[in-house]
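Good morning, colleagues. Please look at the sequence and the structure as I bring them up.

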Amino acid sequence: MSLKLAIQGIKGSNHHQVANDYFGNEVDLVECLSFDILVDKLLNKSADKGIMAIENSIAGSIIPNYALIYHNNLHIIGEHYLNIHHNLMVLKGQKIEDIDEVRSHPMALLQCKEFLRGYPHIKMVEDVDTAETAKQIQEKQLKNIAAIAPKVAADLYNLDIIASDIQTIKNNSTRFIIVKTVNKELPKEEINKASIRFITDHKRGSLATVLNVMSDCNLNLTKIQSLPIIEKPWKYAFFVDVTFENYENFAKAKSLLSIMSEDFKVLGEYKNARI
């Protein structure tokens, strides 16, 4: 029985590319038009695991996804970094001079703004997903319309790429996380990264004290993201990623942080994909 894997977007999207890279081609993809739907698929067991983008090297964190993970008790069991390549694609035979309109996800349009500035006759139109636009161009035989999408979308929907790597900043990478409703995936000796969440009180130096404990336990902080707690105005939760060489160091830090901070929770223990 193949793995049921929920992705945000459809076949041909960057999430689909990550699915191929991380799990191989032998998976049953569950396409979701939003991250909320992806979470629902995991909770109602329509999918076994899910892939979620969590941060981009240019645009920063996808903050709502942190809240989705925490509030739905999901667990991060892995991560994958994907270099993002934006390509302009059209129906076969079309040229860039024929294009009146380019459609894509708002983030893709933003990241290709400098290239598109060179073609002022082309109107930019926001769409829900990069690959969805590519699919619609082929299914509806849309002439004079281009999509910005990954190369896998052009292959899948039989479109011509008329301009490759059109993103303004060439070194553009997105971090994706693999999520599941249960946490146990790897033996402790293979775990060298973790994601945690906690709340500090309003006393001066509270966050600094917590960070010092991490340092004393030989944890390397690779990410910190604050998020307001809606039901408690002016109070913040901190989402933190740490790496470590020895799991025992993390275990020691867990025991200390659970005492020193409020609502401490481990969101995931997994392998560091940057090594």
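At 36% relative accessibility, Ile 37 counts as partly exposed, because that class lies between buried, under 20% relative accessible area, and exposed, over 50%, with a 1.4 Å probe and protein chains only. Ile 37 belongs to helix 2, residues 35-43. Helices here are DSSP runs of H or I with at least four residues, strands are runs of E with at least two, and both are numbered from the N terminus.

I should say that this is a predicted model, in which local features need pLDDT of at least 70 and side-chain atom pairs count only at pLDDT 80 or more, while totals for chains, interfaces and linings use all residues. Residues are numbered from 1 along each chain as its sequence is written, and side-chain values use heavy atoms, leaving out hydrogens and water.

A second residue to consider is Pro 187, in the loop between strand 11 (173-180) and strand 12 (193-199). Pro 187 is also partly exposed, because its relative accessibility is 34%. Its C-alpha atom is separated by 9.9 Å from that of Glu 269, 82 residues apart along the chain.

Turning to the whole chain, nine helices and 15 strands are present. The C-alpha trace spans about 65 × 45 × 35 Å along its principal axes. Of the 275 residues, 50% count as buried. Finally, taking a contact as heavy atoms within 4.5 Å, 73% of the contacts between residues at least 6 apart in sequence join residues at least 24 apart.
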